[in-house]
Amino acid sequence: MRPNKFLQLLKTRGPLTAKEIAEELGITNEGARQQLVRLSEDGLVKYVSSTKGVGRPVQVYELTEQGNTSFPNSHAALTVQLLDTIKEQLGEEALDTVIASREAETVKRYKVILRDCSDLESLISGYTAIRTHEGYMAEFRKEDNGEYLLFENNCPIGAAASSCKHFCQSDMRILQKILGGEVTVERMDHIASGERRCTYRIKSQTYQQQ
């Protein structure tokens, strides 16, 4: 199933009211509610009560587990089965070798694509584009203090990452290797830990706010 614009919005923005969704998509409140009811009946979204600021709780919509499966997962069941087979038949060291090989090939491929990037922001922008193309639904923003926040709203290897945490550690190393030694990378949020998205804080050690 291909995610529709409602599911895409909830995936990237998190829980939203029907009014907020209507404003984002440029449709009427009633049109948004009707579509949300249909998605709820299909088991793709659910509504919960949330307190936003001062006042009574409001009804917000968010993706269900089934709704999240609408997004790329890179053949999750097969991947997990292969990982389990490697661990059982060849041991943890063999799995580490596989992950290290994937990491090296990924860094090599990314660096070829990003070879013309001349500064940190262009590197982050290019990296974001690559990851979005690969199904991570990535985006970034620059903070007032010169730091960057990189968001990955989807994890196409989520099942593999849940089965083997080494994949998440490897992805951190990939990002660090692409950005270079003058940059520090810190993971703030983590999909594999049950959070809505992965968030990375990126800080240049040579940056000085003007």
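Helices (H or I, at least four residues) and strands (E, at least two) are DSSP runs numbered from the N terminus. The model on screen is predicted. With that numbering, the tour can begin in a strand.

**Stop 1: Arg187**

Select Arg187, which sits in strand 5. Arg187 is partly exposed, because its relative accessible area is 22% and the buried class ends under 20%. Now add Cys198 to the selection. The two residues are 11 apart in sequence, and their C-alpha atoms are 7.3 Å apart. Cys198 is also one of the residues that Arg187 touches once those up to four places away in sequence are set aside; the others are Cys168, Gln169, Met172, Thr199 and Tyr200.

**Stop 2: Val185 and the core**

Stay in strand 5, which spans 183–189, and select Val185. Which residues does Val185 touch, not counting those up to four places away in sequence? They are Met172, Leu175, Gln176, Leu179, Tyr200 and Arg201. Met172 and Tyr200 are also touched by Arg187.

Val185 belongs to the largest nonpolar core, which has 20 residues. Colour Tyr127, Leu175, Ile178, Leu179, Val185, Tyr200 and Ile202: these are the core residues that touch the most other members. To see where the core comes from, show the elements that give two or more residues to it: helix 6 (92–113), helix 7, strand 4 (148–152), helix 9, strand 5 and strand 6 (198–204). Another core, of 17 residues, lies apart from this one, and its members include Leu7, Ala18, Leu63 and Phe71.

**Stop 3: helix 7 against helix 9**

Show residues 120–133 as helix 7 and residues 166–179 as helix 9. Two packed helices are described by the angle between their axes and the distance between the axes. Here the axes come within 10 Å and cross at roughly 140°. That angle makes helix 7 oblique to helix 9. The crossing is right-handed.

For the contact itself, select Leu120, Leu123, Ile124, Tyr127 and Arg131 on helix 7, then Asp171, Ile174, Leu175, Ile178 and Leu179 on helix 9. By class this contact has 8 nonpolar, no polar and 2 charged residues. Tyr127, Leu175, Ile178 and Leu179 were already coloured as core residues that touch the most other members.

**Stop 4: along helix 7 and into the loop**

Select Gly126, also in helix 7. Is Gly126 buried or exposed? Gly126 counts as buried, because its relative accessibility is 17%. Its C-alpha atom is 8.2 Å from that of Ile113, 13 residues away along the chain.

Move on to Thr132 in helix 7. At 38% relative accessibility, Thr132 counts as partly exposed. Asn154 is 22 residues from Thr132 in sequence, with a C-alpha to C-alpha separation of 9.1 Å. With neighbours within four places in sequence left aside, Thr132 is in contact with Met137 and Ala138.

Met137 is the next selection, in the loop between helix 7 and strand 3 (138–142). This residue is buried, with a relative accessible area of 14%. Check its backbone too. Most residues other than glycine have a negative phi. Phi of Met137 is near 50°, a positive value.

**Stop 5: helices 1, 2 and 3**

Go to the helices numbered 1 to 3. Which residues make up helix 1 and helix 2? Helix 1 covers residues 5–13 and helix 2 covers residues 18–25. Their axes come within 11 Å and cross at roughly 110°, which means helix 1 is roughly perpendicular to helix 2. On the helix 1 side of the contact, select Lys5, Phe6, Leu9, Leu10 and Arg13; on the helix 2 side, Ile21, Glu24 and Leu25. By class there are 5 nonpolar, no polar and 3 charged residues.

Keep helix 2 and add helix 3, residues 29–41. This pair packs at an angle of about 110°, with axes 8 Å apart. Helix 2 and helix 3 are therefore roughly perpendicular to each other, and their crossing is right-handed. Helix 2 contributes Ala18, Lys19, Ile21 and Ala22 to the contact, and helix 3 contributes Asn29, Ala32, Arg33 and Leu36. The classes are 5 nonpolar, 1 polar and 2 charged residues. Ala18 is also among the members of the 17-residue core.

How values were computed: Residues numbered from 1 in each chain as written. Predicted model: local features only at pLDDT ≥ 70, side-chain atom pairs only at ≥ 80, totals over all residues. Heavy atoms only, no water. Axes fitted to C-alpha atoms, helices over the stretch in contact; angles between N-to-C directions. Parallel < 35°, antiparallel > 145°, perpendicular 65-115°, else oblique. Left-handed = near helix turned anticlockwise from the far one by under 90°. Contact = heavy atoms within 4.5 Å. Nonpolar A, V, L, I, M, F, W, Y, C, P; charged D, E, K, R; others polar. Core = buried A, V, L, I, M, F, W, Y, C linked by side-chain atoms within 4.5 Å. Buried < 20%, exposed > 50% of the residue type's maximum accessible area, 1.4 Å probe, protein only.
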